[in-house]
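Grab a pencil and work through these short exercises with the viewer open. Try each task yourself before you read the solution.

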Amino acid sequence: MPEYPNQRINVLGVWIDSLGLAELLERVSALARDGEQHTVMYANVHVLNTVVEDALLRRTLNNADLVYCDGDGVRLGARLLGQHLPQRMTGADWIYPACEHWQQEGLSVFFFGGAPGVADRAVAKLKRQYPALRIAGTHAGFFTDSSAVVAAVNVARPDILLAGMGTPIQERWVAEHATHLEVSVIWTVGAVMDFVSGEAPRAPRWMLGYGLEWLGRLLAEPRRLWRRYLIGNPLFLWRVLQQRLGLLRFED
């Protein structure tokens, strides 16, 4: 596997790799081919707020091979700490260049997440755009028997497993079941399949340009997301300032 500069930034106790999308995709492809098993996870404001009170989630993220920035709020947090994260990479954006990249690389992908039928609809849409993309299989993220999911993945033997069940459920599931999975890369992806399938609407393009995707999501699902954004966003910035002042520390 090629050597990459290991530039990492600590935000609220989580080490985040300072990289852009092109390098992220290259590194994931290299991980998928090196004969070992690896995990790739993301950090956004919700994830980082959760780790403050969930030491197991923080350890799971810090044990991952790659943790990338998924949110403008995290980039702002890094700046307040005197650090730099070059790019926000949310799944609803990176999934398309990723599929193009995997199609060219010949890597197979298993889509695991969403309500019944969501992963299938997402895959059908992606296959129309990337007909040579190797789809190893799909499975809903709503299930009662993890062993059935593990068996389905192991029969398919994908290079990359995309696991999207939301934080902290997806990270806990990966931590518990990774050793039983015959797959090279396990990538937690949140609501990627919901966005691709159209199950979850995206914010208007102008909001994306101004770093206001959180507002678009809040307007689309206010009852579910009001606490995450209206309380969580200011709380995150307050915690980052506490970290900057040395008032908030985390044990590894």
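**Salt bridges**

Asp72, Arg88, Asp93, Arg202 and Glu213 are joined in a network of salt bridges (a side-chain nitrogen of Lys or Arg within 4 Å of a carboxyl oxygen of Asp or Glu). A quick word on the ground rules: this is a predicted model, where local features need pLDDT of at least 70 and side-chain atom pairs count only at pLDDT 80 or more, while totals for chains, interfaces and linings use all residues. Residues are numbered from 1 along each chain as its sequence is written, and side-chain values use heavy atoms, leaving out hydrogens and water.

**Exercise 1.** Find the salt-bridge partner of Asp17, and decide whether the two residues are buried or exposed.

*Solution.* Step one: the partner is Arg27, with the closest N and O atoms 4.0 Å apart. Step two: place them. Asp17 is in strand E2 (residues 14-17) and Arg27 in helix H1 (residues 21-33), 10 residues apart; helices (H or I, at least four residues) and strands (E, at least two) are DSSP runs, numbered from the N terminus. Step three: Asp17 and Arg27 are both buried (under 20% relative accessible area; exposed is over 50%, partly exposed in between; 1.4 Å probe, protein chains only).

**Exercise 2.** Work out which parts of the chain the Glu105 salt bridge ties together.

*Solution.* Start with the pair: Glu105 bridges to Arg33, and their closest N and O atoms are 3.5 Å apart. Glu105 sits in helix H5 and Arg33 in helix H1, so the bridge ties together parts 72 residues apart in sequence. Now check the surroundings: Glu105 is partly exposed at 34% relative accessibility, and Arg33 is partly exposed at 49%.

**Exercise 3.** Trace the 6-strand sheet and say which strands stand at its edges.

*Solution.* First, read off the order, E4-E3-E8-E7-E5-E6, in an open sheet with parallel pairing (strands pair if DSSP finds at least two bridges between them). Next, look at the ends: E4 (66-69) and E6 (134-139) each have a single partner strand, so one side of each lacks a neighbour in the sheet. Finally, zoom in on one pair: E3 (residues 38-43) and E4 share 4 bridges, and Met41 has Val67 in E4 as its bridge partner.

**Exercise 4.** Which helix lies across E5 and E6?

*Solution.* Look for contacts (heavy atoms within 4.5 Å) with those strands. The helix is H6 (residues 118-129), running at about 160° to E6 (axes are lines fitted to C-alpha atoms, for helices over the stretch in contact, with angles from 0 to 180 degrees between N-to-C directions).
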